[in-house]
Amino acid sequence: KNARVSCSLPEPSWEERLANAVTPLWRLPYQEQLQVKYESQRKILQTFTSRLEELGIDALKPGGLCCPLQPVVPSPIINGYRNKSTFSVNRGPDGNPKTVGLYVGTGRERNIVCVKANHVENIPSKHKQVAQCYEEFICHSPLDSCILFHEGGHWRELVVRTTSCGHTMAIITFHPQQLGQEALATQKALLKEFFTCGPGAVCALTSLYFQESTMTRCSHEQAPYQLLHGAPHIFEELLSLKFRISPDAFFQVNTAGAEVLYQAVGRLCQATGDTVLLDICCGTGTIGLSLAHRVSRVIGVEVVEKAVEDAEWNAAFNGISNCEFHSGKAEAVLPQLLASWEDARPLVAVVNPSRAGLHYRVVRTIRNCRSIRRLLYISCKPEGEAMRNFLELCCPPDPRKKLTGEPFAPVLAIPFDMFPHTVHCELLLLFTR
């Protein structure tokens, strides 16, 4: 009579745990995902509004926000949209130390497990195929995987990049430990043979790169990418233009979504034939080049040297002659560019920084340049460091911080769903003054 009925749910599979970690909205119908994201972006804008009020800025507009928030613009592609995936090598749920997949768990909890990404919906099948082949290769290798650098081992990450043109680039990261040049050459030859003549040939790689790296993340300057097979670049088409992509160049992870985003940027720039467009954190030049036909001049700034080379190639290949690209940190390059700016033409700035946001010197330079009356800020994490930038752009002038320029004001916010099935959104904020 008093017996308790057990109704505990079965433990989720490792595949489900991975899907829940990487794509937490994957079970929701797409329209519900968009609604979840709209509410999260609204909360971010509410926080921004409150912070502006704390600065003594009367920011409240009808609707309780500092500016109108439009509905989330949906992604044209919902599944398999990623053009770049990074796979780790670590111990799998079955104990295999050479499992190629994505992490479940945390280092703090010491419960990290590497799970194959076969059931993750935002990763295309081509990426999963390359990951499976890489696992097959390293499982037959006498060399161990490198899980902790100080414990030895060699095989590390795999990055796969694909394009709508059908190109596939694979980049394999390898810890050399104490191997000599002859032993390294042997491993590179075996990799090349596997992916060109062996079982990995099914991947039909356009480019196969190898990087000897003793750090968690390495740039090309720190550890050059070595081309083992194929073409040095892959190519993507976006808004009727062709773009060259190097191994470490930034390119929006959702190409079809990027087209929609860049079209909106073009509309909000309100560019005329005499406008100068300042493209800060320009990557391979996609935004500036896609808008070059609307403006008189494009000036791009990018820290990754190889991306600038790509941008210059992209401009020349597409017959675009009104673009110039500058390599270096934006906080070093931009003050020099704008210090003696005397061009009478309207100057519109577009910034698309990493999650770390813009350096304060960049914001200060933008604020202190009177010619910039319109600014578009694209952020993949507006609740993070970008929020600091938003406040720096809008706060009252502060001579102590050498912030003398007139403040900007937020005018419009548009979220773009560049990452279906995840909680992330790309927010486009328009500022004017």
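# A tour of salt bridges and an annotated cysteine

This predicted model contains 14 salt bridges, counting each side-chain nitrogen of Lys or Arg within 4 Å of a carboxyl oxygen of Asp or Glu. Let's visit some of them, then move on to a position picked out by UniProt.

**Stop 1: Asp417 and Lys37.** Select these two residues and show their side chains. They meet in a salt bridge, with N and O 2.6 Å apart. Now colour the secondary structure around them: Asp417 sits in the loop between β15 (409-416) and β16 (426-432), while Lys37 belongs to helix α2 (residues 30-54), so this pair ties together parts that are 380 residues apart in sequence. Are the two partners buried or exposed? Asp417 is buried, at 1% relative accessible area, and Lys37 is buried too, with a relative accessibility of 1%. If you have a surface switched on, hide it for this stop.

**Stop 2: helix α10.** Next, select residues 385-394, which make up helix α10. Within this helix, show the side chains of Arg388 and Glu385; they form a salt bridge with an N to O distance of 2.8 Å. The two residues are 3 apart in sequence, so about one helical turn separates them. Both ends of this bridge can be checked for exposure: Arg388 is partly exposed at 29%, and Glu385 is partly exposed at 38%. Before leaving, add Glu392 to your selection. Which residues does the network here link? Glu385, Arg388 and Glu392 are joined in a network of salt bridges.

**Stop 3: Asp398 and Arg400.** Now select Asp398 and Arg400. Their closest N and O atoms are 3.2 Å apart, and the pair forms a salt bridge. Compare the two partners here: Asp398 is buried, with a relative accessible area of 13%, whereas Arg400 is exposed at 76%.

**Stop 4: Cys380.** For the last stop, select Cys380. An unreviewed UniProt entry lists this cysteine under "active site", an annotation that may be inferred rather than shown by experiment. Where does Cys380 lie? Look in the loop between β14 (372-379) and α10, the helix you visited at Stop 2. Cys380 has a relative accessibility of 21%, so it counts as partly exposed, the cut-off for buried being under 20%.

Finally, show what surrounds this cysteine. Setting aside neighbours within four places in sequence, Cys380 is in contact with Arg355, Cys425 and Glu426. Display those three side chains together with Cys380 to complete the view.

Notes:
Residues numbered from 1 in each chain as written. Predicted model: local features only at pLDDT ≥ 70, side-chain atom pairs only at ≥ 80, totals over all residues. Heavy atoms only, no water. Helix = DSSP H or I, 4+ residues; strand = E, 2+ residues; numbered from the N terminus. Buried < 20%, exposed > 50% of the residue type's maximum accessible area, 1.4 Å probe, protein only. Contact = heavy atoms within 4.5 Å.
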